[in-house]
Amino acid sequence: TLKAPERVKALAAWIGGEPIRGRPLPADRPGLVITHGGLRLHVPGADPTLWHQGMTYRRVRLKHTDTLVRVLDLRPGERVVDGTLGMGHDARMLARAGANVLGLEARPAVVVWTLEGLRAEDPEAARRLTVCCADHRQWFAAQPPRSADHVYLDPMFPAGAEGVSTNLAPFRKLPRLPRVSHDTLRAAYAVCRRRLLLKLADDEPAPWVPGLPAVEVVGSKRLHFALWRTPEESALQSTAP
């Protein structure tokens, strides 16, 4: 409901940036562009991009349980930390399945862009999503043990393995973080009461992490995940009827 100048100032304050009117767009940093067509993410080297629901437009229509929801064995009301929120597609599916989702995203402009897009597309799912602007590597290390039911990680795949989706075009231009380290996986596992899940690229082997239990590879023909179960999860499975 804010008028354009007030909205520009509000968004700039939200992401810790400065309001700029007109072009050219800054070539040294990402930001948000308000247009008549909607809020766009600006990443130097890529065209300003509207948030898009991607393949979730199909996933929400499937009659069977979503693969991500299935491999987590997700139960309504459970708390899931999505440590790599990005465009929020997987967080949307988790929220629609009844989870309370905390999404971590280190880039403020992406936080606002994703929240605005998801609230417009799926307000009910957005109500079950809380977003924290934080780098998951530091965030996990600061959390108390067993403070979430599940942790999910879907970092950008290695260069050349991230596919050709136009939805990811701006993300390919952002500085690429290293793949998840063993230290990060151990810190994320410590937060879990049940399962830690890492999405794998095609033909990417599941990491063997010293200090964690044996890793399982789960998923479907198209999607592959590395899964670590906590002792509490294993106990639940062993007593299941």
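Here are some exercises with worked solutions on the predicted model shown above.

**Exercise 1. Take stock of the chain.**
Work out how many helices and strands the protein chain has, and what share of its residues is buried.

*Solution.*
Step 1: Start with the secondary structure, which comes to ten helices and ten strands.
Step 2: Turn to burial: of the 241 residues in the protein chain, 44% are buried.
Step 3: Look at the surface as well. The chain exposes about 12,900 Å², and 55% of that is supplied by carbon and sulfur atoms.
Step 4: Finish with the contacts. Among those between residues at least 6 apart in sequence, 64% join residues at least 24 apart.

**Exercise 2. Trace the seven-stranded sheet.**
Find the order of its strands, and say which strands lie at the edges.

*Solution.*
Step 1: Read across the open sheet, and the order is β6-β5-β4-β7-β8-β10-β9, with mixed pairing.
Step 2: Check both ends: β6 (129-133) and β9 (216-219) are the edge strands, each pairing on one side only. From one strand to the next, the twist averages 25°.
Step 3: Inspect the β6 end. Strand β5 (residues 100-105) and β6 run parallel and are joined by five bridges, with Gly103 standing opposite Val131 in β6.
Step 4: See what packs here. Helix α5 packs on the sheet and touches β5 and β6, its direction making about 165° with that of β6. Helix α9 (residues 182-191) also packs on the sheet, touching β7, β8 (192-200) and β10, and its direction makes about 145° with that of β8.
Step 5: Move to the β9 end. β8 and β10 run antiparallel and are joined by six bridges; Leu196 stands opposite Trp228 in β10. β9 and β10 are antiparallel too, with four bridges, and they form a hairpin with four residues between them. Gly219 stands opposite His224 in β10.

**Exercise 3. Do the same for the three-stranded sheet.**
Determine how the strands β1, β2 and β3 are paired, and which helix packs on them.

*Solution.*
Step 1: The open sheet has the order β1-β2-β3, and its pairing is antiparallel.
Step 2: Its edge strands, each pairing on one side only, are β1 (31-35) and β3 (49-50).
Step 3: Five bridges join β1 to β2; Thr35 has Gly38 in β2 as its bridge partner.
Step 4: The helix is α5, which touches β1, β2 and β3 and whose direction makes about 150° with that of β2.

**Exercise 4. Follow α5 into the core.**
Establish which residues of α5 are buried, and which element gives the largest share of the largest nonpolar core.

*Solution.*
Step 1: Check the helix geometry. α5 (residues 108-121) has 14 residues and reaches 20 Å from its first C-alpha to its last, close to the 20 Å expected at 1.5 Å a residue.
Step 2: List its buried residues: Ala109, Val110, Val111, Val112, Trp113, Thr114, Leu115, Gly117 and Leu118.
Step 3: Now take the largest nonpolar core, which has 37 residues; Leu94, Leu197 and Phe225 have the most contacts inside it. Elements that give it two or more residues include α1 (4-15), β2 (38-42), α4 (89-96) and β10 (224-229). The largest share, seven residues, comes from α5.
Step 4: Keep the other core apart: a second, separate one of 23 residues includes Val180, Leu185, Cys192 and Ala226.

**Exercise 5. Compare the settings of two residues.**
For Arg92 and Pro155, decide whether each is buried or exposed, and name what each touches beyond its sequence neighbours.

*Solution.*
Step 1: Locate Arg92, which sits in helix α4. Its relative accessible area is 4%, so Arg92 is below the 20% cut-off and counts as buried.
Step 2: Leaving aside neighbours within four places in sequence, Arg92 is in contact with Gln53, Thr56, Tyr57, Val60, Leu118, Glu121, Asp122 and Ala125. Leu118 is also one of the buried residues of α5.
Step 3: Locate Pro155, in the loop between β7 (148-153) and α8 (169-173). With a relative accessible area of 10%, Pro155 is buried as well.
Step 4: Not counting residues up to four places away in sequence, Pro155 touches Thr84, Arg179, Val180 and Leu198. Its C-alpha is separated by 8.8 Å from that of Gly86, 69 residues apart along the chain.

Definitions and conventions: Residues numbered from 1 in each chain as written. Predicted model: local features only at pLDDT ≥ 70, side-chain atom pairs only at ≥ 80, totals over all residues. Heavy atoms only, no water. Buried < 20%, exposed > 50% of the residue type's maximum accessible area, 1.4 Å probe, protein only. Contact = heavy atoms within 4.5 Å. Expected span 1.5 Å × (residues − 1). Core = buried A, V, L, I, M, F, W, Y, C linked by side-chain atoms within 4.5 Å. Pairing = 2+ DSSP bridges. Axes fitted to C-alpha atoms, helices over the stretch in contact; angles between N-to-C directions. Areas by Shrake-Rupley, 256 points an atom, 1.4 Å probe, with all protein chains shown as cover.
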